[in-house]
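Here are some friendly exercises to work through with the structure open beside you. Try each task yourself before reading its solution.

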Amino acid sequence: VDYFAMDIKSDKTGYAKAIGIENFSLKKVEETVDFFLSGRVNYEFRTTLIHEFHGDDEIENIGKWIKGAKAYFMQKFKKGDNCLDAGGLSEVPTEKAKEFLSVMQNYVEKVALRGYDL
């Protein structure tokens, strides 16, 4: 394997809500983030932006959590056949995603939006 991609579902305080598991232990997620940040492998972090889970505070906190990362991509949420339960979830508008991009550029070397028409 020459490249890894890891989803960061939310900031630490919102992680359990974002994945739908109460009392979720972040221990293994934190260990994996730390491993990637150590620079021993080629990787990217990514988050699918969902309006109900990602606001200014969450994005800022994710930035602080993965500070120094090589690459971070924010992906547009799309309801579709492959989504197990999209009920009540919606995408983050393009303009807000651009604001998030600016925030993350303070923390991560390479940041980009995926799936947005820019």
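## Exercise 1: D117 and H54

D117 sits in the segment that follows β4 (110-114). The model is a predicted one, so please treat each value as computed from it.

**Task.** Decide whether D117 is buried or exposed, and find how far apart the C-alpha atoms of D117 and H54 are.

**Solution.**
- Step 1. The relative accessibility of D117 is 71%. Exposed means over 50%, so D117 counts as exposed.
- Step 2. Along the chain, D117 and H54 are 63 residues apart. In space, their C-alpha atoms are separated by 19 Å.
- Step 3. H54 itself belongs to the loop between β2 and α3. With 5% relative accessibility, H54 counts as buried, because buried means under 20%.

## Exercise 2: The side chain of H54

**Task.** Which backbone atoms does the side chain of H54 reach, and which residues does H54 touch?

**Solution.**
- Step 1. Look for the backbone oxygen of K9: the H54 side chain reaches this atom at 2.8 Å.
- Step 2. Now turn to I50, whose backbone nitrogen is reached by the H54 side chain at 2.9 Å.
- Step 3. Leave out residues up to four places away in sequence, and H54 touches K9, S10, T47, T48, L49, I59, V92 and F100.

## Exercise 3: A charged residue in a strand

**Task.** Locate E44, say whether E44 is buried or exposed, and name the partner of its side chain in a polar contact.

**Solution.**
- Step 1. E44 is part of strand β2, which covers residues 43-49.
- Step 2. The relative accessible area of E44 is 5%. Buried means under 20%, so E44 is buried.
- Step 3. The E44 side chain makes a polar contact with the side chain of R114, at 2.8 Å.
- Step 4. Setting aside neighbours within four places in sequence, the contacts of E44 are Y3, F4, A5, M6, A71, F73 and R114.

## Exercise 4: How two helices pass

**Task.** Describe how α3 (residues 56-65) and α4 (residues 94-104) are placed relative to each other.

**Solution.**
- Step 1. Two packed helices are described by the distance between their axes and the angle between those axes.
- Step 2. The axes of α3 and α4 come within 9 Å, and they cross at roughly 30 degrees. Angles under 35 degrees count as roughly parallel, so α3 is roughly parallel to α4.
- Step 3. The crossing of α3 past α4 is right-handed.
- Step 4. From α3, the residues D56, I59, E60, I62 and G63 meet K96, E99, F100, V103 and M104 of α4. This contact divides into five nonpolar residues, one polar and four charged.

## Exercise 5: A97 inside, N23 outside

**Task.** For A97 and N23, work out which is buried and which is exposed.

**Solution.**
- Step 1. A97 lies in helix α4. Its relative accessibility is 0%, so A97 counts as buried.
- Step 2. Apart from neighbours within four places in sequence, A97 is in contact with L49, M74, V92, L113 and Y116. The C-alpha atoms of A97 and L49 are separated by 7.9 Å, although these residues are 48 apart along the chain.
- Step 3. N23 is in the loop between α1 (15-19) and α2 (27-37). Here the relative accessible area is 77%, so N23 is exposed.
- Step 4. Finally, check the backbone of N23: phi is positive, about 55 degrees, although N23 is not a glycine.

Notes:
Residues are numbered from 1 along each chain as its sequence is written. This is a predicted model: local features need pLDDT of at least 70, side-chain atom pairs count only at pLDDT 80 or more; totals for chains, interfaces and linings use all residues. Side-chain values use heavy atoms; hydrogens and water are left out. Helices (H or I, at least four residues) and strands (E, at least two) are DSSP runs, numbered from the N terminus. Buried means under 20% relative accessible area, exposed over 50%, partly exposed in between (1.4 Å probe, protein chains only). A polar contact is a pair of N or O atoms within 3.5 Å; within protein, one must be able to donate a hydrogen and the other to accept it, and residues adjacent in sequence count only if both atoms are side-chain atoms. Contact means heavy atoms within 4.5 Å. Axes are lines fitted to C-alpha atoms, for helices over the stretch in contact, and angles run from 0 to 180 degrees between N-to-C directions. Angles under 35 degrees count as roughly parallel, over 145 as roughly antiparallel, 65 to 115 as roughly perpendicular and the rest as oblique. A crossing is left-handed if the near helix is turned anticlockwise from the far one by less than a right angle, and right-handed if clockwise. Ala, Val, Leu, Ile, Met, Phe, Trp, Tyr, Cys and Pro count as nonpolar, Asp, Glu, Lys and Arg as charged, and the others, Gly among them, as polar.
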